[in-house]
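Work through the exercises below with the structure open beside you. Try each task before reading its solution.

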Amino acid sequence: NSRVIFENAAVGIGHASLERKWLRSNDRLRQLTGYSVSEFGDLQIEDFIVEEDRAALLNYFQLLASGQTDSFTSEIRVQPKRGGVLLTNITASTEGVVDGQPASFVVVIEDITDRKRLEARLEEAKETAESNNRLKSEFVANVSHEIRTPMNAILGMTELALEEDLSDE
């Protein structure tokens with residue numbers, strides 16, 4: 001039953017040795033990265049991670065292997081074999097204990113590229129709406145000022161006219 005869940009999960013899941021060599025991977029992880037089952041056996045975890053994100057990822061795995069942390073979650077960019085870049089959420093933890101040391105890593109990789117794009121578009125729309133609201137407020141303040149000045153003159157002249165006795169002419 002756990003094997004079925006592993007293979008059919010909506011996120012990429014893999015087990016890796018403490019040397020970060022992939023021991024097994026599910027279909028979703030291979031789809032995300034673009035590597036076949038046979039190719040995956042020759043890869044290390046960091047092999048499809050964008051170069052600039054590798055040092056941080058390796059540091060997280062070092063903390064895991066040394067027992068300084070039980071798990072970590074981080075946004076890491078993945079470079080699939082086919083090209084391009086995916087924004088992913090990687091969660092990793094240790095599994096099992098052999099001679100007081102963790103036996104392996106469990107790694108879960110979720111593609112969050114579409115969600116991040118949507119968040120960016122929503123943030124942009126929010127900023128545009130706020131900017132438009134500021135422009136509207138400035139416009140209303142300017143129009144109010146532009147109308148108030150002549151209206152004060154008209155009201156003042158009307159008040160003066162009403163106080164005076166006016167001839168028929």
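A residue is called buried when its relative accessible area is under 20%, exposed when the value is over 50%, and partly exposed in between. The model used here is a predicted one.

**Exercise 1. A salt bridge from a loop to a helix**

Task: Find the residue that forms a salt bridge with K81, and state which parts of the chain the pair ties together.

Solution. Step 1: the partner of K81 is E39, and their closest N and O atoms are 2.4 Å apart. The cut-off for a salt bridge is 4 Å between such atoms.
Step 2: K81 belongs to the loop between β3 and β4, whereas E39 belongs to helix α3 (residues 37-40), so the salt bridge ties together parts 42 residues apart in sequence.
Step 3: classify E39. Its relative accessibility is 27%, so E39 counts as partly exposed.
Step 4: classify K81. With a relative accessible area of 46%, K81 is partly exposed.

**Exercise 2. The faces of helix α4**

Task: Decide which residues of α4 are buried and where they lie around the helix axis.

Solution. Step 1: α4 covers residues 51-65, which makes 15 residues. From its first C-alpha to its last it reaches 21 Å, close to the 21 Å expected at 1.5 Å a residue.
Step 2: the buried residues in α4 are D53, L57, F61 and L64.
Step 3: looking down the axis of α4, these buried residues fall within an arc of 75°, so they line one face of the helix.
Step 4: E52, A55 and Q62 are exposed, on the other side of α4.
Step 5: go just past the end of α4, where G67 has a positive phi of about 80°.

**Exercise 3. The surroundings of F72**

Task: Is F72 buried or exposed, and which residues is it in contact with?

Solution. Step 1: locate F72 in strand β3, which spans residues 71-78.
Step 2: the relative accessibility of F72 is 7%, so F72 counts as buried.
Step 3: set aside the neighbours within four places in sequence. F72 is then in contact with L57, Y60, F61, L64, I90, T91 and A92.
Step 4: compare this list with Exercise 2. L57, F61 and L64 are among the contacts of F72, and L57, F61 and L64 are also buried residues of α4.

**Exercise 4. Strand β3 and helix α4**

Task: Which residue shares a salt bridge with R77, and how many residues apart are the two?

Solution. Step 1: the side chain of R77 meets that of E52, at 3.9 Å from N to O.
Step 2: R77 is in strand β3 and E52 in helix α4, so the pair links distant parts of the chain, 25 residues apart.
Step 3: the relative accessible area of R77 is 30%, which makes R77 partly exposed. For E52 the value is 61%, which makes E52 exposed.
Step 4: extend the pair to a network of salt bridges, which links E52, D53 and R77.

**Exercise 5. Helix α5**

Task: Find the salt bridge partner of E130 and a nonpolar surface patch that includes I154.

Solution. Step 1: E130 forms a salt bridge with K126, with the closest N and O atoms 3.7 Å apart.
Step 2: both residues lie in helix α5, 4 residues apart, or about one turn of the helix.
Step 3: I154 is found in α5 as well, a helix of residues 113-163. I154 is partly exposed, at 48% relative accessibility.
Step 4: I147, M151, I154 and L155 make a nonpolar surface patch of about 380 Å².

Key:
Residues numbered from 1 in each chain as written. Predicted model: local features only at pLDDT ≥ 70, side-chain atom pairs only at ≥ 80, totals over all residues. Heavy atoms only, no water. Buried < 20%, exposed > 50% of the residue type's maximum accessible area, 1.4 Å probe, protein only. Contact = heavy atoms within 4.5 Å. Expected span 1.5 Å × (residues − 1). Arc of directions from axis to C-beta. Patch = residues over 30% accessible without salt bridge, like charges linked within 9 Å, V, L, I, M, F, W, Y side chains within 5 Å. Areas by Shrake-Rupley, 256 points an atom, 1.4 Å probe, with all protein chains shown as cover.
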